[in-house]
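Q: Please give me a close look at one part of this model, the largest pocket. I would like its lining first, and then the charged pairs that go with it.

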Amino acid sequence: MTATIIIPNNADQKSEQELPQKSENIAKIPPESDHKKVISLEDFLVRPAERMEWVDGNLVEKTGMTFKHGLAQSKLSTSWRNYKNSSGQGGEVLTEVLCRTSKQGRRPDVAYITPELLPQSGNFTAFSQSFPLIAEVASPEDSGEELFAKAQEYLESGCLEVWLLFPEARLIFVNGGQSWRLFNADEVVNSQSVLAGFSVAVSELLA
């Protein structure tokens, strides 16, 4: 903060000499970074901020959602939910619900949790591990390298299968725990392990 001192034209010599001394008594406000509260991963998981992830000690807001991103997220969550109901597999499909990986606090775009892993209370603030099935939808701000690194983080933290959707390129990558499979716009993508028997046309999700 900058303090501006105005000296009247008729001020005497004495008052002019006193001004510098008086200005020294102006309180200096430290930069925000000096007094910003640092939050631990444990505290964040208990009281998470909305639309925020905890990444390497920093709170990072999920931004960059476009119409195509939101549409793909909605279509995939609906497809998974309808299938788990019709097939009788149960469980729940979630969007942007917090989970703890081995390193961070993440909010996957879409996730499926099996009935065996559902908490008995039926409610939780943050899941204690990666969800069994996770999908991330690429936005224009995301880099492929970052998304694949995030997918690997999920797989190392209890996730059994990851989907990466690229709406602009109309491509979907799926990893069932061992290797990546690529599905083009004219192909049908299917679950590798978690939602047994589920399949959907790539063009249906990424129109």
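A: Contact here means heavy atoms within 4.5 Å. With that in hand, here is the overall setting: among contacts in the protein between residues at least 6 apart in sequence, 54% join residues at least 24 apart. Please keep in mind that this is a predicted model, in which local features need pLDDT of at least 70 and side-chain atom pairs count only at pLDDT 80 or more, while totals for chains, interfaces and linings use all residues. Numbering runs from 1 along each chain as its sequence is written, and side-chain values use heavy atoms, leaving out hydrogens and water.

The protein has 6 helices and 12 strands (DSSP runs numbered from the N terminus: H or I of at least four residues, E of at least two). Of its 207 residues, 35% count as buried (under 20% relative accessible area; exposed is over 50%, partly exposed in between, with a 1.4 Å probe and protein chains only).

Now to the pocket itself (on a 1 Å grid over the protein atoms alone, an open set of points with protein on both sides within 12 Å along at least five of seven lines; lining residues have an atom within 4 Å of a point). Its lining consists of 23 residues, and those nearest the centre are Glu-53, Lys-62, Arg-106, Asp-142 and Lys-150. Four elements, β1, β2 (58-61), β7 (133-137) and α5 (144-155), each supply at least two lining residues. Helix α5 gives the largest share, 5 residues.

What is the make-up of that lining by class? There are 13 charged, 6 nonpolar and 4 polar residues (charged: Asp, Glu, Lys and Arg; nonpolar: Ala, Val, Leu, Ile, Met, Phe, Trp, Tyr, Cys and Pro; polar: the others, Gly among them). By that scheme, Glu-53, Lys-62, Arg-106, Asp-142 and Lys-150, nearest the centre, belong to the charged class.

Some of these central residues also pair up with each other. Glu-53 and Arg-106 meet through their side chains in a salt bridge, at 3.4 Å from N to O (a side-chain nitrogen of Lys or Arg within 4 Å of a carboxyl oxygen of Asp or Glu). Because Glu-53 sits in strand β1 and Arg-106 in strand β5 (residues 105-106), this pair ties together parts that are 53 residues apart in sequence. Both partners, Glu-53 and Arg-106, are buried. The pair does not stand alone: Glu-53 and Arg-106 join Glu-136, Lys-150 and Glu-153 in a network of salt bridges. Lys-150 therefore appears twice in this picture, once nearest the pocket centre and once in that network.

Glu-153 of the network leads on to Ser-130. That serine is found in the loop between β6 (110-113) and β7, and at a relative accessible area of 0% Ser-130 counts as buried. Leaving out residues up to four places away in sequence, Ser-130 touches Glu-153 and Tyr-154, along with Ser-157, Gly-158 and Cys-159, and also Cys-99, Arg-100 and Thr-101.

Stepping back to the charged pairs of the whole protein, the count comes to 9 salt bridges. One of them joins the side chains of Glu-96 and Arg-51 at 3.1 Å, N to O. Glu-96 lies in the loop between β3 (92-94) and β4 (99-100), and Arg-51 in the loop between α3 (41-46) and β1 (52-55), so parts that are 45 residues apart in sequence are tied together. The partners sit on either side of the burial cut-off: Glu-96 is buried at 16% relative accessibility, and Arg-51 is partly exposed at 32%. Another bridge pairs Glu-92 with Lys-84, whose closest N and O atoms are 4.0 Å apart. Here Glu-92 is partly exposed, at 37% relative accessible area, whereas Lys-84 is buried at 8%.

Lys-84 falls within the range of helix α4 (residues 67-86), which also holds Ser-79. Ser-79 is buried, with a relative accessible area of 15%. Beyond its neighbours within four places in sequence, Ser-79 is in contact with Phe-198, Val-200 and Leu-205. Ser-199 is 120 residues from Ser-79 in sequence, yet the two C-alpha atoms are 9.1 Å apart in space.

How values were computed. 1 Å grid on protein atoms, 1.4 Å probe; cavity = no way out; pocket = protein on both sides within 12 Å on 5 of 7 lines; lining within 4 Å.
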